Amino acid sequence: MQEEYDVIVLGTGLKECILSGIMSVSGKRVLHIDQNPYYGAESASITPLEELYKKFKMPLPSKSMGRGRDWNVDLVPKFLMANGQLVKMLLYTEVTRYLDFKVVEGSFVYKAGRVHKVPSTEAEALASDLMGMFDKRRFRKLLLFILNFDEGDPRTHQDLDPHQTSMRDVFRKFDLGPDVIEFTGHALALHRNDNYLDQPCIDTIQRIKLYCESLARYNKSPYLYPLYGLGELPQGFARLSAVYGGTYMLNRPVDEIVLENGRVVGVRSDGEMARCKQLICDPSYVPNRVRKVGRVIRVICILNHPIKHTQDANSCQIIIPQTQLNRKSDVYVCMVSYAHNVAAEGKYIAMVSTTVETSNPEKEVQPGLDLLEPIMQKFVSVSNLLVPTDDGSKSQIFISHSYDATTHFETECEDIKDMYRRMTGSEFNFGNLRREHCDVCEED
């Protein structure tokens, strides 16, 4: 293994695999090592079901759970925005040909103890019971303003400065009440807290446009989910890297990251050393180079029924805005099922997650769990949110952030773009990912 590589990647989490694929496509010589015997690291899909029970140190499942090999359970479940950054990465790199997706059937928001469908079209807004009659008209005007908004065309700005005017002022301009502001900010713009209200409105406008454009592609919801689970995503990018000469080693120990004068020069594994100029890894490989900025609780729940008040959807997302629970951050519920080849026939997998704020994390997600009753089995995990202590410019060690509590990939894509910028010194450009040729492509 005494070889020279441009980049060594440690861990096969989604972010590491995407960067590995991008680096391979751009002509870099890449070696990818994972100490686990499976792809995905923290973002893996666990199969068969017995492995999930073992991971959480629980007695093996009963026969009522069906065949173990019919299950692929995500440890960090998230959906893809249909018009979002991860889908663009998949399209531009053509990793889509390794994957099949289904549209998530519904997007909902929790208000006053009930689950409501998120209105995101004019017709839905007029029919929604989330708003009174006058608020519906005002919300419709806001939606039209946002859908027609073009950052480069001041005529669409309605005398607002998108980089100076706060979102609070935009809501005030359209005379919207607190209920409409709540679901717009949290269920359409997908903000995690209310800090956005006093920040420039351009970010929120772009987020709502992304939601509406994603929804327009498939109409049921703005979200997609891959068949057989999220573990398929890192494997797809791993295959891309391999096509371009990337080398993969699973189940391989990482004994030491070797530095000279504070700069990475290689990785030692099983007594051998591979040299490199740059290193990409997740926080688990460099505990002395990361710091804790919070915690996330995730509760995986196995159900034998769809969630109530979601029109019997086989998949959905429910957002419980922070103010509904007197919290600082939202609680997220997402569900997939046997329809996605991730569970045995007639079974559903739901996940409740949030950023931990107290010393009793399970109590914090209880309102989400109450929506799922009765629950056949639940698996609780609390993990640290870790971020790198420096930008990697001196050491050339580039570390990803831990996965947050959100149920979509937009924040993770921002992390990928930031790591790419720090590694290469240039902005991430989707156009650069377009491959010159591909002799194994299938026509759509």
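A pocket is an open set of grid points with protein on both sides within 12 Å along at least five of seven lines. The legends below describe close-up views of a predicted model.

**Figure 1. The second largest pocket of the predicted model and its lining.** This pocket has a volume of about 400 Å³. Its lining comprises 20 residues, and those nearest the centre are Ala 41, Glu 42, Lys 55, Leu 75 and Ser 383. Strand S14 (290-303) and S18 each contribute at least two lining residues. The largest share, 4 residues, is supplied by S18. Sorted by class, the lining of the second largest pocket holds 10 nonpolar, 6 polar and 4 charged residues.

**Figure 2. The largest pocket and the elements around it.** The volume of the largest pocket is about 870 Å³. Among the 36 residues of its lining, Gln 85, Arg 207, Glu 410, Thr 411 and Glu 414 are the closest to the centre. Two or more lining residues come from each of helix H3 (85-93), H8, strand S18 (377-388) and helix H12 (410-424). In the lining of the largest pocket, 10 residues are nonpolar, 13 are polar and 13 are charged.

**Figure 3. Packing of helix H7 against helix H8.** Helix H7 spans residues 178-188 and helix H8 spans residues 201-218; their axes lie 9 Å apart and form an angle of about 70 degrees. Angles of 65 to 115 degrees count as roughly perpendicular, and H7 and H8 are therefore roughly perpendicular to each other. The contact brings Thr 184, Ala 187 and Leu 188 of H7 against Arg 207, Ile 208 and Tyr 211 of H8. By class, the residues of this contact are 4 nonpolar, 1 polar and 1 charged. Arg 207 also belongs to the residues closest to the centre of the largest pocket.

**Figure 4. Leu 190, in the loop that links H7 and H8.** Leu 190 is placed in the loop between these two helices. Its phi is near 60 degrees, a positive value in a residue other than glycine. Leu 190 has a relative accessible area of 6% and is therefore buried, as buried means under 20%.

**Figure 5. Asn 261, in the loop between strands S11 and S12.** Strand S11 (256-260) and strand S12 (263-269) flank the loop that holds Asn 261. Phi of Asn 261 is near 55 degrees, again a positive value in a residue other than glycine. The relative accessibility of Asn 261 is 80%, so this residue counts as exposed.

**Figure 6. The largest cavity and its lining.** The model has 3 cavities of 30 Å³ or more. The largest cavity encloses about 80 Å³ of space. Its lining is formed by Val 73, Asp 74, Pro 77, Phe 79, Tyr 225, Cys 334, Met 335, Val 336, Ile 349, Ala 350 and Met 351. At least two of these residues come from each of strand S4 (73-74), strand S16 (331-337) and S17. The lining of the largest cavity divides into 10 nonpolar residues, 1 charged residue and no polar residue.

**Figure 7. Surroundings of Ile 349 in strand S17.** Strand S17 covers residues 348-355 and includes Ile 349. With a relative accessibility of 8%, Ile 349 counts as buried. Beyond residues up to four places away in sequence, Ile 349 touches Trp 71, Asn 72, Val 73, Ile 300, Cys 301, Cys 334, Met 335, Val 336, Ser 337, Val 342 and Ala 343. Ile 349 is also one of the residues that line the largest cavity. Its C-alpha atom is separated by 13 Å from that of Pro 374, which is 25 residues away along the chain.

**Figure 8. Contacts of Asn 314.** Asn 314 lies in the loop between S14 and strand S15 (316-320). It counts as buried, at 17% relative accessibility. Apart from neighbours within four places in sequence, Asn 314 is in contact with Glu 105, Met 335, Val 336, Ser 337, Tyr 338, Ala 339, His 340 and Tyr 348.

**Figure 9. Cis peptide bonds at Pro 48 and Pro 374.** Thr 47 and Pro 48 are joined by a cis peptide bond with omega of about -10 degrees. Pro 48 is in the loop between strand S3 (45-46) and helix H2 (49-55). A cis peptide bond also runs from Glu 373 to Pro 374, where omega is near -5 degrees. Pro 374 occupies the loop between helix H11 (366-370) and S18.

Note on methods: Residues are numbered from 1 along each chain as its sequence is written. This is a predicted model: local features need pLDDT of at least 70, side-chain atom pairs count only at pLDDT 80 or more; totals for chains, interfaces and linings use all residues. Side-chain values use heavy atoms; hydrogens and water are left out. Axes are lines fitted to C-alpha atoms, for helices over the stretch in contact, and angles run from 0 to 180 degrees between N-to-C directions. Angles under 35 degrees count as roughly parallel, over 145 as roughly antiparallel, 65 to 115 as roughly perpendicular and the rest as oblique. Contact means heavy atoms within 4.5 Å. Ala, Val, Leu, Ile, Met, Phe, Trp, Tyr, Cys and Pro count as nonpolar, Asp, Glu, Lys and Arg as charged, and the others, Gly among them, as polar. On a 1 Å grid over the protein atoms alone, a cavity is a set of points where a 1.4 Å probe fits but cannot get out, and a pocket is an open set with protein on both sides within 12 Å along at least five of seven lines; lining residues have an atom within 4 Å of a point. Grid points are joined across faces, edges and corners, and a volume is the space filled by probe spheres set on the points. Buried means under 20% relative accessible area, exposed over 50%, partly exposed in between (1.4 Å probe, protein chains only).
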